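Thanks for coming. I will walk through one structure, part by part, and start with a term that is needed along the way.

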Amino acid sequence: MPHFFARPMRLLAMAFAVAVAAFAIAPVASLIRIALQGDAEIWPHLMAYVLPAALADTLMLLAGVAILTVIAGAGSAFAVTAYRFPGRDTLVWLLPLPLAFPTYIVAYIYVDILDSFGPVQGAARWIFGWRSAADYWFPNVRSIGGAILVFSFVLYPYVYLAARAMFQTQGAAFTEAARILGASHLRRARDITLPLARPAIAAGLALALLETLNDIGASEYLGIRTLTLSIFTTWLNRESLPGAAQITCVMLTLIAGLVALERYGRGARQFSSSDHKSAERVALHGAYGWLTAALCFLPVLLGFVLPLVFLAREVVARGLLIGFDPDLIRHALNTVALAAIATAAALVLGFGLVTLWRVTQSRFIGAGAFVGSLGYAMPGTVLALGLLSPLVAMDEAINAITQFAGRNSGLLIVGSGAALVFAYVARFLAIPIGFAQAGFSRISIEFDDMARVVGARPRQVTRAIHMPLMRQALWGAALLMFVDCLKELPATLLLRPLNVETLSTYIYQFATRGNFEEGSLAALIIVLVGILPVIRMVRHADAALYPQGEPMPV
Amino acid sequence: MTFKTLRGMALATCGVIAASTAAFAQGEVNVYSYREQKLIQPMFDAFTKDTGIKVNVVSASSGLEQRIKTEGANSPADVLLTVDVARLQEAVNADITQPIMSAALDGIIPAQYRDPNGAWYGIAMRARVIYASKERVKQDSISYEELADPKWKGKICIRSGQHMYNNALFAAYVAHYGEAEAEKWLTGLKANLAQKPSGGDRETARDIAAGKCDIGIGNTYYWALMNDKEADKKAWADATKVVLPTFKKTGGTHVNLSGVVLTKSAPNKANAMKLIEWLAGEHAQHIYADMNYEYPLRKGIKINPTIASYGEINPDKLPIAKIAEHKKAASTLVDKVGFDN
């Protein structure tokens with residue numbers, strides 16, 4: 001380990017790492033505590049009747065989403081990076097926009113559009129003269145196939161953003177050499193560009209898959225019995241909170257295993273190039289150009305434009321603007337404030353931790369970063385339940401202190417928005433940690449060494465070298481984290497204080513009564529607030545001289 | 001993000017915190033609710049108008065018992081409002097309740113709809129009934145038992161068997177007939193389903209209207225809301241009729257409760273008692289009947305005409321607490337017969 005820090009500094013660094021990890025591990029620890037409360041007798045039942053089907057549904061869903069998000073995300077990222085074609089400059093920033101939609105809202109929208117009374121089947125009946133749904137066959141959106149499509153429409157941008165950042169910054173030297181040697185551009189894509197982008201695609205995909213795994217609203221509505229849903233029914237109906245915690249622990253272990261495996265597989269193949277000149281974009285003419293444009297527009301159309309038009313139409317049809325609910329402004333401000341504070345806190349913690357890891361090269365801190373990322377894999381309600389006891393414990397500690405002053409402070413954290421900030425950070429810390437790791441992996445450690453050799457102090461290395469080179473990664477992490485916080489539902493629902501709603505919980509109260517359209521305006525506000533940072537980030541990435549690394553989730 | 005915007009946000013959050021701690025002041029009552037805030041707000045506004053007591057609310061869809069329990073002695077919660085009898089029992093099991101001692105309430109709420117020890121009180125009632133195609137179903141009475149009859153093969157739509165409304169109905173079946181009979185019945189019902197369970201009760205009406213199935217199971221108030229309030233879903237109500245089904249054994253229709261619990265640590269107990277008694281009062285019971293389309297539990301309050309049009313209801317005499325008792329068994333059977341597969 002290079003001795004970058006004097007001893008007291010190193011201890012301080014360790015303490016910081018321990019603090020961050022302790023924070024992130026708190027929900028996991030209380031989860032394990034609940035799981036250990038027993039109830040092993042439920043497992044034979046779960047194994048016989050619940051988990052096989054849940055596992056099969058979950059794996060099928062994940063496999064489908066994996067295939068589609070990679071095709072749509074990596075495919076479109078490659079096209080807009082490697083080629084020039086009509087509409088390319090607009091598509092660059094349109095493509096990530098579906099990210100702004102909460103998945104379950106898109107599920108509701110597609111059921112409305114494609115179900116028997118929707119415009120699509122209505123048109124089909126009108127054209128063919130059918131009378132009722134019994135007269136013809138039409139694929140059911142409320143099915144595993146429908147779920148795969150819905151999740152993929154919304155989640156492919158994770159792959160898109162990661163893959164594009166990689167394609168953009170891949171050293172042009174390799175592809176140019178291949179071109180000089182006479183390789184066609186398809187062959188260059190197959191043999192050079194895509195293999196080099198594999199880790200980035202895997203990282204984006206991991207985020208998309210974990211979001212799929214975590215979901216409860218969309219899968220429940222579409223009738224897919226995922227593992228997460230089984231966790232809920234085990235808790236609420238089979239009346240076994242320990243059983244639910246046990247399933248979650250098994251699920252987390254599997255995920256941690258997979259992530260570790262991916263890390264191990266990647267470990268040997270570190271790639272950082274000092275050449276960050278992008279390759280020239282090849283112009284696609286005529287039909288090829290238009291075809292590429294159409295294919296790239298398809299995911300935007302399905303994941304963003306159609307749902308947006310649907311919401312806008314509902315807002316108008318229901319007079320939601322005229323009968324504007326004044327509370328919405330307050331809810332919107334709450335939502336943005338909470339998301340921004342949580343994002344800022346998570347960026348400091350995540351980037352701080354990874355920076356320490358970088359300069360100390362300590363395995364211990366590395367493990368902290370790994371554990372700190374696990375929150376992303378936990379279903380939000382479970383995480384919220386797990387966070388409750390540690391937060392209340394903190395409140396009681398604060399109480400013990402304030403009681404000296406003769407005052408009971410009550411539940412300072414749990415009774416205020418602070419609990420939500422804790423929850424968001426614990427849930428999404430994987431994002432800044434992943435982005436920071438990816439960012440650093442693109443900055444050769446030799447830079448640090450050289451700076452140290454010429455006498456720079458660690459702080460100066462960070463400020464003069466890391467910060468400017470990491471700006472892209474910071475922006476990327478800030479964006480994803482912010483948008484995820486805006487959309488967060490399960491933890492917010494359970495932990496928010498009295499009289500506080502976020503846009504997400506506001507929509508949910510209509511959705512849960514089967515009338516989500518009444519929340520259309522709030523959904524539209526989430527989307528609009530969400531797309532501003534998306535557009536800003538994409539522009540930033542385009543203007544940047546320096547690369548953004550591949551976001552590694554864990 | 002500039003420093004200014006960050007500072008603005010920090011201030012806004014302080015506002016959030018300040019707003020929420022104000023809940024400890026005098027003249028307030030804090031409600032944790034499984035009913036959606038928008039739905040109950042008119043009720044609370046009326047309560048504030050009648051009594052001057054401010055109501056602070058947080059609503060969620062699960063986990064509120066755990067939250068109250070973990071918050072412990074410092075929990076701000078005074079009252080827990082729920083929509084399912086099993087949840088009322090869950091609150092009792094979690095040991096977060098204290099008895100509601102009120103002779104006034106005992107005089108209003110029939111003994112069948114409250115806990116013998118006063119741990120919870122029902123406030124309003126809904127029934128789980130049949131939505132049937134007007135065009136294709138001629139029958140005007142259907143028994144729950146009959147739903148397993150092969151004559152309905154491929155003709156029934158329903159939401160997930162693990163949803164709490166179905167869970168309560170199935171638990172009632174277990175309570176009446178025992179687990180073995182209930183398993184047979186569920187197997188038969190499953191065999192009659194037109195499609196894999198999904199969606200909600202409104203989707204069930206939609207699927208019947210679309211011709212995917214002939215009958216479905218839904219709550220009384222959904223149909224009324226679609227018929228009276230939701231223009232875009234009126235067609236689904238128009239294509240269907242509501243039949244009040246009965247258990248052959250008792251001739252009663254399965255009902256469930258909206259209910260209320262007083263928390264053990266209630267910091268505003270006096271106000272909480274006022275709220276609970278007010279909810280059983282005439283004003284609130286009218287709101288339950290006409291805005292929420294539930295059956296009021298207070299005698300002498302008129303049932304909403306749309307709900308009344310289903311016919312006179314004869315609520316199953318099964319003690320409501322029995323349903324909560326068999327919740328787990330019902331859920332286990334749903335797994336066992338692969339109901340949701």
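When I say helix or strand, I mean a DSSP run, numbered from the N terminus: H or I over at least four residues for a helix, E over at least two for a strand. With that in place, B:Asp95 sits in the loop between helix H4 (85–93) and helix H5 (103–108) of chain B.

Some ground rules. This is a predicted model, in which local features need pLDDT of at least 70, side-chain atom pairs count only at pLDDT 80 or more, and totals for chains, interfaces and linings use all residues. Residues are numbered from 1 along each chain as its sequence is written, chains are lettered from A and ligands numbered from 1 in the order in which they are written, and side-chain values use heavy atoms, with hydrogens and water left out.

Back to B:Asp95. Its phi is positive, about 60°, although the residue is not a glycine. Is B:Asp95 buried or exposed? Neither label fits, because its relative accessibility is 45% and B:Asp95 therefore counts as partly exposed. The scale is this: buried is under 20% relative accessible area, exposed is over 50%, and partly exposed is in between, with a 1.4 Å probe and protein chains only.

Chain A has a residue of this kind too. A:Glu239 has a phi near 50°, again a positive value in a residue other than glycine. A:Glu239 is in the loop between helix H10 (227–236) and helix H11 (241–267) of chain A. With 33% relative accessibility, A:Glu239 counts as partly exposed.

Now the two chains together. The contact, meaning heavy atoms within 4.5 Å, takes 67 residues from chain B and 70 residues from chain A. Buried area is the accessible area (1.4 Å probe) that two parts lose on being put together, summed over both. Between chain B and chain A that area is about 5,800 Å², and carbon and sulfur atoms give 53% of it.

How many salt bridges are there between chain B and chain A? The count is eight, where a salt bridge is a side-chain nitrogen of Lys or Arg within 4 Å of a carboxyl oxygen of Asp or Glu. One salt bridge pairs A:Glu517 with B:Lys233, with the closest N and O atoms 3.4 Å apart. There are also 23 residue pairs in polar contact between the chains, both residues at pLDDT 80 or more. A polar contact is a pair of N or O atoms within 3.5 Å; within protein, one must be able to donate a hydrogen and the other to accept it, and residues adjacent in sequence count only if both atoms are side-chain atoms.

On the side of chain B that touches chain A, the elements giving two or more residues include helix H1 (3–21), strand E1 (28–33) and helix H2 (37–51) of chain B. H1(B) has the largest share of that side, eight residues. By class, the side has 24 nonpolar, 23 polar and 20 charged residues. For these classes, Ala, Val, Leu, Ile, Met, Phe, Trp, Tyr, Cys and Pro are nonpolar, Asp, Glu, Lys and Arg are charged, and the others, Gly among them, are polar.

Next, the domains, whose bounds come from an automatic or database domain assignment. Chain A has domain 1 (1–37 + 322–554) and domain 2 (67–226 + 274–317). Their C-alpha centres are 27 Å apart. Between them, these two domains of chain A bury about 3,600 Å², 72% of it on carbon and sulfur atoms. A:Tyr376, A:Lys487 and A:Phe516 supply 17% of the area that domain 1 buries against domain 2, more than any other three residues. The rule finds zero salt bridges across this interface, and six residue pairs are in polar contact, both at pLDDT 80 or more.

Chain B is divided into domain 1 (27–125 + 256–305) and domain 2 (127–254 + 311–336). The area buried between these two is about 1,600 Å², with 66% from carbon and sulfur atoms. Here too the rule finds zero salt bridges.

Last, one residue of chain A. A:Glu488 lies in the loop between helix H19 (458–487) and helix H20 (490–495) of chain A. A:Glu488 is classed as buried because its relative accessible area is 2%. Its side chain makes a polar contact of 2.7 Å with the side chain of A:Thr492. Leaving out residues up to four places away in sequence, A:Glu488 touches A:Gly380, A:Tyr424, A:Arg427, A:Phe428 and A:Ser504.
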